[in-house]
Amino acid sequence: MSQTATAPTQGESQGAATAVLRRTMVDRQLRPYDVTDVQLLERFLETPRELFLPSEQATLAYSDLAIAVKASSGRKRALLPPLVLARMLQGAEILPGENVLDIGGVGYAPALLSGLVGKVVALESDPGLAALGKTGLAALGCDNVRVVEGPLEKGVPAEAPFDLIIVHGRVEAGLDALFEQLTPDGRLLAIVVPEPGAGQQAVLFERQGGRAAGERPLFSANAPILEGFEKALAFSL
């Protein structure tokens, strides 16, 4: 008795196509540039980035560039390039069971983290981006991620302390409130200009016993200033 093969549905075809794009992203963008953490690479292979972009930008999901997304407030935000994000997450030395605060990751980074840590709090200041993140996270069944709306620079004190805080953008000022939300031996990861005249770098700030324990530059990385972390303007009379 012969059997007739069933043609794949449109959704199945799209899923297979994006899986190929994710594999290409990992093989051509991440692996050649020292992203070697096996579990992290698996998360990039498993997590559809297009779920966290407006539908009209879905075709850009696996490009090697930062993707500007327009917040409902009219302000522009950007998803970091996959390579920058991957190297930041690898440099954070993530441990299973950790409590992580992700600031401005538009849902994608929290989705990646959900399979690596115990709990993720995803902080978004923009209602539209928060809704986009919630929809994508729900579609993936990321039950250990909670999306919270509020000013990015304030963090989420009610959910503290955090083992790791990740800021998705360049920071000029405003980290003090976040440092207070770390565990005594916690880490904070952000893109900063470490000294005048230097270029932007992804830097891991570390604590030991509740005190600052140094800054570890990871690699050069460029990102727009994240809202709420701008340096205050100086006025002269």
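## A tour from the aromatic rings to the sheet

By the ring-pairing rule used here, the count comes to 3 aromatic pairs in this predicted model. Begin by selecting phenylalanine 44 and tyrosine 108, whose ring centres lie 6.2 Å apart with planes at 80 degrees, so the pair is edge-to-face. With both rings displayed, follow the chain outward from each: phenylalanine 44 belongs to helix H2, whereas tyrosine 108 belongs to helix H4 (residues 108-114), and the pair thus links distant parts of the chain, 64 residues apart.

Keep tyrosine 108 selected and add phenylalanine 52, which forms with tyrosine 108 an aromatic pair that is tilted, at 6.2 Å centre to centre and 50 degrees between the planes. Phenylalanine 52 lies in the loop between H2 and S1 while tyrosine 108 is in helix H4, so this pair ties together parts that are 56 residues apart in sequence. Shown together, Phe44, Phe52 and Tyr108 form one aromatic cluster. If you switch on the surface, phenylalanine 44 counts as buried at 0% relative accessibility, phenylalanine 52 is buried with a relative accessible area of 0%, and tyrosine 108 counts as buried at 2%.

Next, select glutamate 50, which has its place in the loop between helix H2 (38-46) and strand S1 (67-70). Which side chain of opposite charge is nearest to glutamate 50? The nearest is arginine 22, at 4.2 Å, and glutamate 50, although buried, has no salt bridge; the cut-off for a salt bridge is 4 Å. Displaying the surroundings, and leaving aside residues up to four places away in sequence, you will find that glutamate 50 touches Thr18, Arg22, Ala58, Ala61 and Tyr62.

Now change to a cartoon view and turn to the open sheet of 7 strands, which has the order S5-S4-S3-S6-S7-S8-S9 and mixed pairing. Strand S5 (145-149) and strand S9 (211-220) stand at the edges, each with a single partner strand, so one side of each is left without a neighbour in the sheet. Looking along the sheet, neighbouring strands are turned by 15 degrees against each other on average, direction ignored.

Within this sheet, select strand S7 (residues 182-192) and strand S8 (residues 201-208), which pair in the antiparallel sense over 6 bridges. Alanine 190 can be picked out here, standing opposite valine 203 in S8.

Finally, add the helices. Helix H3 (residues 82-91) lies across strand S6 (162-170), S7, S8 and S9, and runs at about 145 degrees to S9. Helix H5 (residues 127-140) also packs on the sheet, touching strand S4 (119-124) and S5, with a direction that makes about 170 degrees with that of S5.

Note on methods: Residues numbered from 1 in each chain as written. Predicted model: local features only at pLDDT ≥ 70, side-chain atom pairs only at ≥ 80, totals over all residues. Heavy atoms only, no water. Pairing = 2+ DSSP bridges. Helix = DSSP H or I, 4+ residues; strand = E, 2+ residues; numbered from the N terminus. Axes fitted to C-alpha atoms, helices over the stretch in contact; angles between N-to-C directions. Contact = heavy atoms within 4.5 Å. Buried < 20%, exposed > 50% of the residue type's maximum accessible area, 1.4 Å probe, protein only. Lys, Arg positive; Asp, Glu negative; His and termini not counted. Phe/Tyr/Trp six-rings, centres within 6.5 Å; stacked < 30°, edge-to-face > 60°.
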